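Here are a few short exercises on backbone geometry and strand pairing. Try each one with the model open, then check the worked solution.

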Amino acid sequence: MTTADFIALDEQWSTHNYHPLPVVIATAEGASVTDVEGKTYLDFLSGYSALNFGHRHPGLIAAAIEQFGRVTLTSRAFHHDQLGLFCKELAELTGTEMTLPMNSGAEAVESAVKIARKWAYRVKGVPDGTAEIVVAGSNFHGRTTTIVSFSTDETARADFGPFTPGFVTVKYGDAEALRDAITERTAAILLEPVQGEAGVIVPPAGYFAEARRLCDEHNVLLIADEIQSGLARTGTVLALDHEGVRADVYTLGKALGGGIMPVSAVVGGKDVLGVLRPGEHGSTFGGNPVACAIGRAVVGLLKTGEFQERSRELGAHLHSRLGELVGDGLAEVRGRGLWAGIDIAPGGPTGREASTALAERGVLCKETHDHTLRIAPPLVISREELDRGIDAITEVVKTR
């Protein structure tokens, strides 16, 4: 079968809720993928950071295969020998005290919302049914009905109402707006340390320090959504570490599953996550033995610091080279570590056109807005491969 054959099958039988590039991937390893026609590409998207450790990392594959040979699912009706170890090791890695394992990133955010509300009622004393969570505009936390209720992306919201109440939206990066939004009903402030879907937006210096101060002053939880930004993508275990700030609750996902299966978690203090009691929240597959075994292997990779260091070093090179294109094809470059959002200058190609042109040159990435590309190669990429991808970007966007 050809590329066209496979795409025709997708178009006929799968729901059209995505607009993928016309590439059909058949195999992958490290930082590269190969399509059904035998053409190899550099992966500059990494499954939106789910593939931080590359495709089919041998240590992660080995952990999955070993667990597949033992037990794959028990449900949480019973204990299994991987759960406690995973929860302990992830909490220790993130400097927290308790882990709630789930599956998708959206589930982790939904769980954090439920925990924050329950904490507000049981601990803070907010009147039942009135808790509010302050969120930022241009956020991306998932696509469930509750989460799109506080999205400012009309494509994500249109025709999906009525929406869940209890959220107050303010401008990202505006500390005064955070202050003005807090009331006696505020349970939490939910923020991304770097806004990925918005175009890899890094907040102003001091923004999270002020958010932390406000939370402490008003007895409000700070929730950091680290699903895309966490687990070495920005050069530290947690992107919030760059700010010298600790959140009360973190949501994790994507890279936690090693690019093998969906694994997510909420981590935080026992005084917060401990509000949940048996029967109040759960998931049949959340914390399953295979997920825990893979998650433990991911934690093991992060304990060495190797991937954080690679992200810092290669990220500095990425940003240096992309920065040379500002004024010559690019309007702006943003980001941290091996993660960049690049705005194509007026008069240049659209994001979709640039993505298509890059695919033709053997580099896969994806637009996030009309004229913005998100660059996030696997952290296992070599400097030579990284330069090859940047050369292709230069060729596509350079105006002189």
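**Exercise 1.** Find which residue of β12 stands opposite glycine 335, and work out how many bridges join β11 to β12.

*Solution.* Start with the ground rules: this is a predicted model, where local features need pLDDT of at least 70, side-chain atom pairs count only at pLDDT 80 or more, and totals for chains, interfaces and linings use all residues. Residues are numbered from 1 along each chain as its sequence is written, and side-chain values use heavy atoms, with hydrogens and water left out.

Step 1: glycine 335 faces alanine 340 in β12. Strands here are DSSP runs of E with at least two residues, and helices are runs of H or I with at least four, numbered from the N terminus.

Step 2: β11 (residues 330-335) and β12 run antiparallel, joined by five bridges. Two strands pair if DSSP finds at least two bridges between them.

Step 3: look at the turn. The hairpin of β11 and β12 has four residues between the strands, and glycine 337 takes a positive phi near 60° there.

**Exercise 2.** Follow β12 to strand β15: how many bridges join them? Then decide whether β12 is enclosed or not.

*Solution.* Step 1: four bridges join β12 to β15 (residues 372-375), and the two run antiparallel. Glycine 341 sits opposite arginine 374 in β15.

Step 2: check burial (buried means under 20% relative accessible area, exposed over 50%, partly exposed in between, with a 1.4 Å probe and protein chains only). Five of the five residues of β12 (residues 340-344) are buried, so the strand is largely enclosed by the rest of the structure.

Step 3: split by face. Ala340, Ile342 and Ile344 are buried on one side, and Gly341 and Asp343 are buried on the other.

**Exercise 3.** Now for some backbone oddities: what kind of peptide bond joins glycine 161 and proline 162, and what sign does phi have at serine 75?

*Solution.* Step 1: recall the baseline. Most residues other than glycine have a negative phi, and most peptide bonds are trans.

Step 2: the bond between glycine 161 and proline 162 is cis, with omega about 5°. Proline 162 lies in the loop between α7 (154-157) and β6 (167-170).

Step 3: that loop between α7 and β6 also holds aspartate 159, whose phi is positive, near 70°. Aspartate 159 is exposed, with a relative accessible area of 79%.

Step 4: serine 75 has a positive phi of about 65°. Its place is in the loop between α3 (58-68) and α4 (83-94), and serine 75 counts as partly exposed at 24% relative accessibility.
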